[in-house]
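Please open the model in your viewer and keep the sequence panel beside it, since this tour moves from one selection to the next.

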Amino acid sequence: MSRYRIVHTTGFKYQGEVVASYNEARLLPIRDEAQLVFSAKLQIHPDGAAHEYLDYFKTRAVMFEVLEPHTELNITATSVVELRPTVEPIPGLNWSDLAMEIVSSLELTDAVGQTKRTQPANDLVKFAKKLAGAHNPHETALAICHKVFQDMTYMHGVTGVHSIASDAWSEKIGVCQDFAHITLGAMRAVGIPARYVSGYLHPSKDPKIGERVVGESHAWVEWWAGSWFAFDPTNDIDVNTRHVVVGRGRDYDDVPPLRGVFAGPFNSELFVSVEITKEA
């Protein structure tokens, strides 16, 4: 059991005064058997009308509008989450069984389709198909994760929020978002339903209780092989009691922490900071 306090501050600075903004935030951790959410609140400045709902992929989303003039929009999400170890399911599906489950499940059908962001490069598709010819779906998925970790170099500043898997794979450089998109594309290319997961990862392998550290949003993957299995290809590790889930979707576009539009002729600049403290 591990308990974390996460303070995620983000928003937009405008070059001048805007008269209104309309936004959507996905910053609050989900509740499930592996995550007990003690508290999760969103503070918005300037104040505006807000409405929370579960989106199509069961991610907590908050829509809000600010209808007064402002030069900066500031959102702070403060959450306390307890992560609980769960029994690892046993993968039992072969390729035929998996194909039958996909056609009978809308959730799996959604998870097996490629998106513009996940469309894989030809050489990676060939590698994935070779794996699938020799291994079951679960073994193939794990091997793809290891391959992405081994061949990619983690580096900030080379790719951006609009990057796609094939470009990042071509350069062999990217961030966690790229690692996840590349992995998803390879899995889906051989018929494995897989989904993008966004959240947080405590950066220390042995977090100290009470120590506040600088963190950031993180991304990893889950795939279906009789149950949902999670893995972090950026770090080549199992998803464990350091990963906090905020949202799931087909790719990053389904789970951006913040997006919106505003009324005014000015440009905007996004700012982000994340602090994580292990409390227990």
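Helices and strands here are DSSP runs, of at least four residues for a helix and at least two for a strand, and they are numbered from the N terminus. With that in mind, note that the model is a predicted one, and select aspartate 236, which lies in the loop between strand 12 and strand 13. Its phi is near 55°, a positive value in a residue other than glycine, and aspartate 236 is partly exposed, with a relative accessible area of 26%.

From this loop, widen the selection to the sheet, in which five strands are arranged in the order 13-12-11-9-14, forming an open sheet with antiparallel pairing. Strand 13 (237-238) and strand 14 (243-249) are at the edges with a single partner strand each, so one side of each has no neighbour in the sheet. If you then select strand 9, residues 194-201, you will find that six bridges join strand 9 to strand 14 and that the two run antiparallel. Which residue of strand 14 is the bridge partner of tyrosine 196? The partner is glycine 249.

Next, add helix 4 (residues 137-151), which lies across strand 11 (217-224) and strand 12 (228-232) and runs at about 155° to strand 11.

Keep helix 4 in view and select helix 3 (residues 122-134), which packs with helix 4 at an angle of about 145°, the axes being 9 Å apart, in a crossing that is right-handed. To see the contact itself, show Phe127, Ala128, Leu131 and Ala132 of helix 3, which meet Thr140, Ala143, Ile144 and Lys147 of helix 4. The residues of this contact comprise six nonpolar, one polar and one charged.

Now bring in helix 6 (residues 176-189), whose axis comes within 9 Å of that of helix 3 and crosses it at roughly 55°; helix 3 and helix 6 are therefore oblique to each other. On the helix 3 side the contact is made by Leu124, Val125, Ala128 and Lys129, and on the helix 6 side by Ile182, Ala186 and Ala189. By class, this contact has six nonpolar residues, no polar ones and one charged.

Finally, move to two loops earlier in the chain. In the loop between strand 3 (35-45) and strand 4 (49-54), select proline 46, where the peptide bond from histidine 45 to proline 46 is cis, with omega near 0°. In the loop between strand 4 and strand 5 (60-66), select lysine 58, which has a positive phi of about 70° although it is not a glycine. Is lysine 58 buried or exposed? Lysine 58 is exposed, with a relative accessible area of 62%.

Conventions. Residues numbered from 1 in each chain as written. Predicted model: local features only at pLDDT ≥ 70, side-chain atom pairs only at ≥ 80, totals over all residues. Heavy atoms only, no water. Pairing = 2+ DSSP bridges. Contact = heavy atoms within 4.5 Å. Axes fitted to C-alpha atoms, helices over the stretch in contact; angles between N-to-C directions. Left-handed = near helix turned anticlockwise from the far one by under 90°. Nonpolar A, V, L, I, M, F, W, Y, C, P; charged D, E, K, R; others polar. Parallel < 35°, antiparallel > 145°, perpendicular 65-115°, else oblique. Buried < 20%, exposed > 50% of the residue type's maximum accessible area, 1.4 Å probe, protein only.
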